[in-house]
Amino acid sequence: MTQEELLKILRRAEDEGLTELDLSEYEITHLPSEISRLSALEVLIVRGLNSLPPEIGQLRNLNRLYLSSNEIRTLPPEIGQLKNLTGLTLSSNLLTELPPEIGLLKNLTGLNLSYNLLTELPEEMMQLRNLTGLNLSFNQLKKLPEDMGQLKNLSRLYLDSNQLNSLPAAFAQLKTLAELNLSFNQFGTVPEEIYPLKNLAVLYLDSNRLSSLPPEIGGFGNLTELNLSSNRLSSLPPEIGRLRNLSRLYLAFSELRELPGEIVGLKNLQILDLSSNKLTRLPRELTELKDLTVLYLDSNQMSRLPREIGDLKKLIHLDLNRNPLTFPPLEIASQGLSAVMEYLKKSDKGGKTLYEGKLLFVGQGGVGKTCLMRRLISGQYSGTQPTTEGIDIASWRISVPNEATEMTLNVWDFGGQEIYHATHQFFLTQRSLYILVWDARQEEEYARIDYWLNCIQTFAEDSPILVVMNKADERDKDLNFKEMRERCPQVAGAKKVSAKNNAGIEELRNFIAKQAYELPLMGTFWPTSWLTVRETLNDSSRYHVPYKNYLKVCRQLDIEESEAKTLSRYLHDLGIILHFQDDPVLKETIILKPEWGTDAVYKVLDARVVQDRNGILYLKDLPKIWANRTLYPKDKYQTILRLMANFELAFPFGEGDRYIVTEFLSLKECVYDWKPQDSLRFEYHYDFLPAGVITRLIVRMHEFLIERDGEKLCWREGAYFEHLGTRAQVRINPYSNISGVEIEGPGKKEFLVAVRLHFAAIHKSMQRICFKEKIPCLCGSDCNHRFDYNFLLKCEEKGIKHVLCEKTAEHISVEKLLNSIETPENRIERVKEKREGKYRLPRAEVNPILPARKEKFKIRIKTLVFILALLFIIAGIIMR
């Protein structure tokens, strides 16, 4: 705004005798002297100033002056002439000191000096005896005036975010204080000067250095809100229970290990925040606080909730995230309050705590996994143990060392032959214990250890792993356990044993028991309804049932689908059933007898006739492969074949009389005239390339496979596809861990979308697979540089036009790189969907006296608390 435009506004305000003038919308850096002519002005709002003219003092009728969000460094002495001023806001400026004349504003009731650079307050300021609200937040105050007690009418005082570690003795004279904020200071103890302030209703002491609370805290009988978060409190005094009017208590980000039983005295408590402490249990007395509506217990160390939590009928929000819960189970807790309450309600009707887990033996073939398993479970050893075909399943009852508890471990022994590896991935469950067995006699075993560690990390998340060297009596080698733990933190230990000589077996048995006892599902309470469902499934003579039939059984026992999913996931992770919930096809079937499904699949993988034909399986082969007519009658053949197709292990071919089992495809690349013109290329670069990525892609896209002379053009590491005149080659390089896609033809970009969707579906089934999508450089046919696809998207979003090729140092167009593999319309649509999915917080006007609530260490969007805080702000407006 020009000076002339501003003068025009001021002249009009003078002519009209305006009593209120808001200049905050204009870009004003200074006020002209003509401001003094607005003698009728009562309210003035200005932003953008870098100084305040002395003529401001001539506005004798001014009673409210808002000067927030300016760059004012000093106030003119004439400020003291504004005798009628009742409200003065100077927040968010650059003030380092106040003039003594500030003390002449005898009628001032509200003063906001927050967000400045004040290091001290003038003594004259203590003459403002009519002040009821004083905001000094976010300054650099290290001490307060000794005669602070003269401000006897103060009801709200905000001193948060300063450098205070003590209060003057006269502070105790502020008897009318109802709100006091001392957050984000340096108090090591609760200042005793506040003990006499019995009228306090709101007290903030969060983000200080408090290590304990004095018994005197119980003397604040009128408190309705107390914030002690982000301190060093390890316990609370019993006197906390005397705060009978308290409705909101914040104790987050401290070091509390337990709560006193006296907390039962807080009968009016509605909001209790205990998040991010070290609580292992809650006192049952807490469940007597019947008015509780919001309870934050996230980020603690609790394994169990008191059943009586279910009696808190007014509770509308319960946060249990990031606790090692077994009661209620984590899956139930993650579904929200209603699911937790329903679970607790059912637990009252009876049930049983089950100590059950899943133990998996993995490793290469011939390392002695089965011999070791038999020695551990039964104490027996057989040197002529046949090679495990597929998976063997056994049950092991084992006692916890130094405990009376007996556990049941469902033991899965995985065959180590490489042909099984892609199929094993489907059975590597989470929340299980893994025994990785290796043989020091086999030199290549060192490399295979890394392979299995990566597999478990990718498919089983944080499940603990024990690395066991078998046959230590024949050859002894050491592993760098420290380096292994750095690469794979879930490795819990490494042991050396000899199953043959029984050496180290008892020590390993005890170590397994201790690790198994810590599994997430161990010691979970199962309500009677859950046990009944499990018994019903176990007693069924069927090998598999549709998911909808399982839901019908659950509903008869008042188990809704969300809870039924939790139960089926438990049963799956324990190895009792197979239910692949995350697969869009497999989720519709529950396999009640895991051995039935796994044996059928692995018998096909073991069939020599299928191997000799490079994966071609004829239907006429099946009676020989599935020779047990009781387990595998002919009417079940199609069910098992569909299961293999759903596992992405095989696909139908020809007239329906044969299948191709992709793991048996030849390693030799198909002969095909592939000389693409004007093709697009796209690559996946993996940190670890699990077995089966390309063979699963072939199954998923088998309808597009190019066929020549009655043969599909695919091999174990690649394939050729075609759709509507567009051709594609997809292949992996197992040595560089790269999957490459090259497509030519009129619909190449659309075909790439389809290929990427199939890759995405495969990746989704691999919990922690790590890869980057990359686009080849365009600077020349011989350039082997690759650009990260997601990095290019960020560049485009930020308006970066070019990126540098690291090989030729040429600038390459970001737009051309992205347009080489997809249309701009696709990207625009994706960005639009991303933006529309973002949650936007509503903006609210901030009270000039009441400071905005800020959390330095944690920001959480919790709708209810936000609404309560907003209502609190509105209710506390003083100066508007």
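**View 1. Helix H8 in the predicted model has the length its residue count suggests**. At 1.5 Å a residue, the 13 residues of H8 (residues 505-517) should span 18 Å, and its end C-alpha atoms are indeed 18 Å apart, so the two values agree. Which residues of H8 are buried? They are Ile505, Leu508, Arg509, Phe511, Ile512, Ala513, Gln515 and Ala516. As a reminder, an α-helix has 3.6 residues a turn, so residues three or four places apart point the same way.

**View 2. Helix H9 passes the same kind of length check**. H9 covers residues 528-539, and its 12 residues should span 16 Å at 1.5 Å a residue; the end C-alpha atoms lie 16 Å apart, in agreement with that. Look for the buried residues Ser529, Trp530, Leu531, Val533, Arg534 and Leu537 along this helix.

**View 3. Ser91 sits in a loop between two strands**. The loop in question links strand E4 (87-89) and strand E5 (110-112). Is Ser91 buried or exposed? Its relative accessibility is 10%, so Ser91 counts as buried, the cut-off being under 20%. Leaving aside residues up to four places away in sequence, Ser91 touches Leu67, Ser68 and Ser69, along with Asn112, Ser114, Tyr115 and Asn116.

**View 4. Seven strands make an open antiparallel sheet**. Following the sheet across, you meet the strands in the order E31-E32-E33-E34-E28-E35-E36. Strand E31 (714-715) and strand E36 (786-788) are the edge strands, each pairing on one side only. Helix H17 (residues 748-764) packs on this sheet, where it touches strand E28 (680-686), strand E32 (718-723), E33, E34 and strand E35 (771-776). The direction of H17 makes about 15° with that of E28.

**View 5. A closer look at E33 and E34 shows an antiparallel pair**. Strand E33 (residues 726-733) and strand E34 (residues 738-744) are joined by seven bridges. Which residue of E34 is the bridge partner of Arg731? That partner is Gly740.

**View 6. E35 pairs with E28 and with E36**. Four bridges connect E28 and E35 in the antiparallel sense, and here Glu683 stands opposite Lys774 of E35. E35 and E36 also run antiparallel, with three bridges between them. In this pair, Pro776 has Arg786 of E36 as its bridge partner. More broadly, strands of a sheet pair through backbone hydrogen bonds, either parallel or antiparallel.

Definitions and conventions. Residues numbered from 1 in each chain as written. Predicted model: local features only at pLDDT ≥ 70, side-chain atom pairs only at ≥ 80, totals over all residues. Heavy atoms only, no water. Expected span 1.5 Å × (residues − 1). Buried < 20%, exposed > 50% of the residue type's maximum accessible area, 1.4 Å probe, protein only. Contact = heavy atoms within 4.5 Å. Pairing = 2+ DSSP bridges. Axes fitted to C-alpha atoms, helices over the stretch in contact; angles between N-to-C directions.
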